[in-house]
Amino acid sequence: MNLARFPRIRLGHLPTPLEPMENLSRHLAGPNGGPNLWIKRDDCTGLSTGGNKTRKLEYLMADARAQGADTVITQGATQSNHARQTAAAAAKLGFECHILLEDRTGYDDAAYTQSGNVLLDKLHGATVSRRPGGADMAAEMETLAAELRAKGRKPYVIPGGGSNAVGALGYVNAALELVAQAAEIGLRIDHVVHATGSAGTQAGLVAGLVALNSGIPVLGIGVRAPREKQEANVFALAEKVVAHLGLPGIVKPEHVVANCDYVGQGYGIPTEGMVAAVKLLAEQEGILLDPVYSGKGMAGMVDLIGKGHFKPGENVVFLHTGGAVGLFGYPEAFALPAEAG
């Protein structure tokens, strides 16, 4: 598996740290002990406050440049981490950037619609436009691309989340990185857990870990779709990724596992478990999660630990997909205490 044959532009601060979460492990341990918890800090990739999309954009932006593009178009929810990192990558590399934001929550307060990731999209110089919830965002991007071509631009369309066979190479690379880091410190990884949405992160991780014959299972905690749909999306993309790598057929359905019990009322809508998980990690480890992805992913992992899903002594790595800047879009969700004095 030779990733060096695919175009790549270095954008991230890699490798990201792999750290023990000793306080959280002790806090969640039951009377018979609990798993040893680790965190892979992909919130530290460095591009505009970091996040998992930076890895994908290293391959996507290289592909855009190889195709002679001068403009990138992408889409996401209002508080999209992917949109923010795409805008930053475009700024760094000299591309014009157009962001289409879909209203998936119905929230109209200024903190949600103008702060957090939206503020950073605009700071990076991207053109931001809105679409209603339920819009065909792929079609909306193609319509915009046609308009830009008519004006002489050369647009490159990036799917939501950067989740296609090119973007997912970033998480094939992350699998290589994680296995190498674990080997260096003598860590046997028994499980990898992360928030799964547009499918690219999980598909890339699964493809990479299977290609390495690592034996490490990946559990995606869903943040949007029902389990059957999420697993089907991840598996379909993982098949495309391994075919792109020249290793068709190595990923099997049993390699793709998602638990979508922690979505709550819908994508981007806070849950009590997410709020508790964000506060827990902030207080126990000094690490900030985000309210849409990693917060719900951590909520799922914490609940599963309480249910005995992981055996005492197992090493569980939580992949932090970043996005803490999104917290500023949800100030009402956390009901933080009044200031003392």
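What follows is a short talk about charged residues in a predicted model.

Mentor: Welcome! In this predicted model, local features need pLDDT of at least 70 and side-chain atom pairs count only at pLDDT 80 or more, while totals for chains, interfaces and linings use all residues. Residues are numbered from 1 along each chain as its sequence is written, and side-chain values use heavy atoms, with hydrogens and water left out.

Trainee: Why is the pair R55 and E177 called a salt bridge?

Mentor: The term asks for a side-chain nitrogen of Lys or Arg within 4 Å of a carboxyl oxygen of Asp or Glu. Here the closest N and O atoms are 2.7 Å apart, so the pair fits the definition. R55 sits in helix α2 (residues 53-66) and E177 in helix α7 (residues 169-185), 122 residues apart, so the pair links distant parts of the chain. Helices here are DSSP runs of H or I, at least four residues, and strands are E runs of at least two.

Trainee: How do you know whether R55 is buried or exposed?

Mentor: Buried means under 20% relative accessible area, exposed over 50%, and partly exposed in between (1.4 Å probe, protein chains only). R55 has 1% relative accessibility, so R55 counts as buried. E177, with 12%, is buried too.

Trainee: What makes R104 partly exposed, and what about its partner E102?

Mentor: R104 is at 22% relative accessibility, so it counts as partly exposed. E102 is at 6%, so E102 counts as buried. Their closest N and O atoms are 3.0 Å apart, forming a salt bridge.

Trainee: How many salt bridges does the structure hold?

Mentor: The structure holds 14.
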